[in-house]
Amino acid sequence: MEGFEEENEEEFETENFSELIRYTVPGYIVGLLAGVLLDIFGYQRSPIGQWLVRTLAGEGESIFEGIYSIRQHFKATSQTMAEAYGWGKLFGIAIPWAIDLGSRLAGVDVYGIEGFYIPYFYALSDQIGANISGMLFLKKKEGSWVATLDRYIHHPVMLASLAVILIVPIGLLIARFLGFSPTTQTFTALEAIAANLCWIPPLVGWYVERRK
């Protein structure tokens, strides 16, 4: 048991989730500034403006985390969960662009209740990608899906990620039902920031690292 605890401690110490946490705030700030500036210049309902603001506020950290993963990839060290997590977020960036464009072309009211899912995917498609990437990382280490699922349900970062993925759309839907609508770029940025809880899983990983 003592040997297992020491091995687990070493594993969490090398996952470096603290590296990922610091990438979230810059995305929030840049996205909010972009929203305010677009409103000032009269582009409150510009689809391109919304795409830019949501990408920066909802996915800005994914760009930085992807750069982190690329940098880690070229280091002479074994892959960590944090690196796999970052790769997953990087590959998930473009998914909401297609969903947003397809919804507009299909005539969905992107400002109404029916469009609640659009900011969700901007904020969390990268998180979904990270969760899948993290599971594949565990599968590579464990070898079998039974062992992988057992590790998954006992891995605090993966469970925090899953909770965020499931809870955020409910909050967005409730907000739209209560009358919120992203009719300005500033509101668009604030909605994306509120939905972008991607900092929670890395924070959980950092906390576990410190506890170990």
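**Exercise 1. Placing L101**

In which helix is the place of L101? Work this out on the predicted model, then decide whether L101 is buried or exposed.

*Solution.*
Step 1. L101 sits in helix α6.
Step 2. Its relative accessibility is 52%. The cut-off for exposed is over 50%, so L101 counts as exposed.
Step 3. Look for a partner distant in sequence. W51 is 50 residues away along the chain, and the C-alpha atoms of L101 and W51 are 9.3 Å apart.

**Exercise 2. The two sides of α6**

Sort residues of helix α6 into buried and exposed ones, and state how the buried ones are arranged around the axis.

*Solution.*
Step 1. Helix α6 covers residues 95–105. Its buried residues include P96, D100 and S103.
Step 2. These three span an arc of only 70 degrees around the axis, so they lie on the same side of α6.
Step 3. Recall the general geometry. An α-helix has 3.6 residues a turn, so residues three or four places apart point the same way.
Step 4. Turn to the other side of α6. A98, L101 and L105 are exposed there.
Step 5. Check what follows the helix. G107 comes after α6 and has a positive phi, near 85 degrees.

**Exercise 3. The fold in overview**

How many helices and strands does the protein chain have? Add the burial, contact and surface totals.

*Solution.*
Step 1. There are 11 helices and 0 strands. The pattern along the sequence is therefore an unbroken run of α elements.
Step 2. The protein chain has 212 residues, and 45% of them are buried.
Step 3. Take the contacts with a separation of 6 or more. Of these, 78% join residues 24 or more positions apart.
Step 4. The exposed area is about 10700 Å². Carbon and sulfur atoms supply 70% of that area.

**Exercise 4. The largest nonpolar core**

Which residues form the largest nonpolar core, and which helix gives the largest share?

*Solution.*
Step 1. The core has 9 residues: Y120, A123, L124, V164, I165, V168, L172, A195 and C198.
Step 2. Assign them to helices. α7 (117–142) and α9 (156–177) each supply at least two residues.
Step 3. α9 gives the largest share, with 4 residues.
Step 4. Follow one core member, L172. Leaving out residues up to four places away in sequence, L172 touches F116, P119, Y120, E191 and A195.
Step 5. Another core lies apart from this one. It has 5 residues, among them F137, L138, Y152 and M158.
Step 6. Set this against the general tendency. In soluble globular proteins, nonpolar side chains tend to be buried together.

**Exercise 5. A buried glutamine**

Which side chain makes a polar contact with the side chain of Q127? First locate Q127 and state its burial.

*Solution.*
Step 1. Q127 belongs to helix α7.
Step 2. Its relative accessible area is 0%, so Q127 is buried.
Step 3. The partner is the side chain of S161, at 2.7 Å.

**Exercise 6. Aromatic pairs**

How many aromatic pairs does a search of the whole structure find? Describe the pairs W51 with W97 and Y120 with F121.

*Solution.*
Step 1. The search finds 4 aromatic pairs.
Step 2. W51 and W97 are edge-to-face, with centres 5.7 Å apart and 70 degrees between the planes.
Step 3. W51 lies in helix α4 (residues 47–73) and W97 in helix α6, so this pair ties together parts 46 residues apart in sequence.
Step 4. Add exposure. W51 is partly exposed at 34%, and W97 is partly exposed at 32%.
Step 5. Y120 and F121 also form an edge-to-face pair: 5.1 Å between centres, 70 degrees between planes.
Step 6. Y120 is buried, with a relative accessible area of 10%, whereas F121 is partly exposed at 24%.

**Exercise 7. The surroundings of F187**

Where is F187 found, and which residues is F187 in contact with beyond its neighbours within four places in sequence?

*Solution.*
Step 1. F187 is in helix α10 (residues 185–195).
Step 2. Its relative accessibility is 36%, so F187 counts as partly exposed.
Step 3. Beyond those neighbours, F187 is in contact with F180, S181 and P182.
Step 4. Now compare with G35. F187 and G35 are 152 residues apart along the chain, yet their C-alpha atoms are separated by 7.9 Å.

Key
Residues numbered from 1 in each chain as written. Predicted model: local features only at pLDDT ≥ 70, side-chain atom pairs only at ≥ 80, totals over all residues. Heavy atoms only, no water. Buried < 20%, exposed > 50% of the residue type's maximum accessible area, 1.4 Å probe, protein only. Contact = heavy atoms within 4.5 Å. Areas by Shrake-Rupley, 256 points an atom, 1.4 Å probe, with all protein chains shown as cover. Arc of directions from axis to C-beta. Core = buried A, V, L, I, M, F, W, Y, C linked by side-chain atoms within 4.5 Å. Polar contact = N/O pair within 3.5 Å; in protein donor to acceptor, adjacent residues only side chain to side chain. Phe/Tyr/Trp six-rings, centres within 6.5 Å; stacked < 30°, edge-to-face > 60°.
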